Every structure is written in structure tokens, then in C-alpha cells.
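Visitor: I should like to take a close look at a single part of this molecule. Please guide me through it, beginning with the setting in which it lies.

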Amino acid sequence: MPDLFHTLFVFLCMAVVGMAIGVFFDIFRAMRLAYRPVLLKHKIFDKISTQIGDILFVILSACLFLLSVYLVNDGYIAGYVVLGTLVGLGVYAFLLNKPVVIIFKYIFSIFYYIFKVIAVTFKKIFSYHKSK
């Protein structure tokens, strides 16, 4: 049976992992919100990209959780490990969710407009060379 300090350490580490999973979820959510106008033009692509994003999120979150359990608790999954992760997710959802989504949405919107300007520029350059 693990001692109290080790159990508390693992619990707190898994709470941090839960927060990281929450941030990871919000990154996917912010990407979906930032690129929504583009995806709405192609309805089938919108549904497919959402499903692919959800599957990627689940796989990567499970890998993060299992790798963390392996590194922090030697691969032993106990109730306090799962509870720590859920507490971390809950704390993140109630305290940091909205600001993080706003920040990532803004960042992805900036990337979208930068790539849009680059694409329009290249389109004009290549259409100029075609006409000659």
C-alpha cells in the first residue's frame, strides 16, 4: 500500500494532467471555432473534420493519461489517480476554460488570416504569370 505522501504527490500530478487534457480539449475547440467559417462552406468536410478531431483528441488524451500514470505511479491505476485527473479537469473547466479558449481562438484566427493573405498573394502572382 502506497504511503500518504506518494499518494498525494500522484493525486496532484494527475490533477495537473487533467488540466493539461482540458487545455488540449480547448485547443481543438478553439481551432474548430476559428476555422468554422471555412468549414461551413463545405458541410460534409465540417462533419468529417469534427469527427477526426474528436477521435484524435480521445487517442492523444488517453496516451497522455496512460503515459503520465506510467511515469508518475509506475503504471498503477487506482481510484485516486482517476479522481485526481477528474479534479484537475473540473478545476480547469471552472477557472481557466473561457480565457484559454479566447486566447487560442485569437491565435488561430491570426494564423488563418496570415495564411489567407499568403494564399491570395501567391494566387495573384501565379495568375499574373499565366496571363503573359
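Guide: The account below begins with the whole chain and then turns to a patch on its surface and to one loop residue. This is a predicted model, in which local features need pLDDT of at least 70 and side-chain atom pairs count only at pLDDT 80 or more, while totals for chains, interfaces and linings use all residues. Residues are numbered from 1 along each chain as its sequence is written, and side-chain values use heavy atoms, with hydrogens and water left out.

The chain holds 5 helices and 0 strands; helices (H or I, at least four residues) and strands (E, at least two) are DSSP runs, numbered from the N terminus. Of its 132 residues, 25% are buried; buried means under 20% relative accessible area, exposed over 50%, and partly exposed in between (1.4 Å probe, protein chains only).

The chain exposes about 9,600 Å², of which carbon and sulfur atoms supply 78%; such areas come from the Shrake-Rupley method with a 1.4 Å probe, and for residues only the protein chains shown count as cover. A nonpolar surface patch of about 1,100 Å² includes Ile103, Tyr106, Phe115 and Ile125. Patch residues have over 30% relative accessible area and no salt bridge (a side-chain nitrogen of Lys or Arg within 4 Å of a carboxyl oxygen of Asp or Glu); like charges are joined within 9 Å, and nonpolar side chains (Val, Leu, Ile, Met, Phe, Trp, Tyr) within 5 Å. Isoleucine 125 belongs to helix H5 (residues 97-131) and is partly exposed, at 38% relative accessible area.

Aspartate 74 lies in the loop between helix H3 (43-73) and helix H4 (79-95). Although aspartate 74 is not a glycine, its phi is positive, about 55 degrees. Aspartate 74 is exposed, at 71% relative accessibility.
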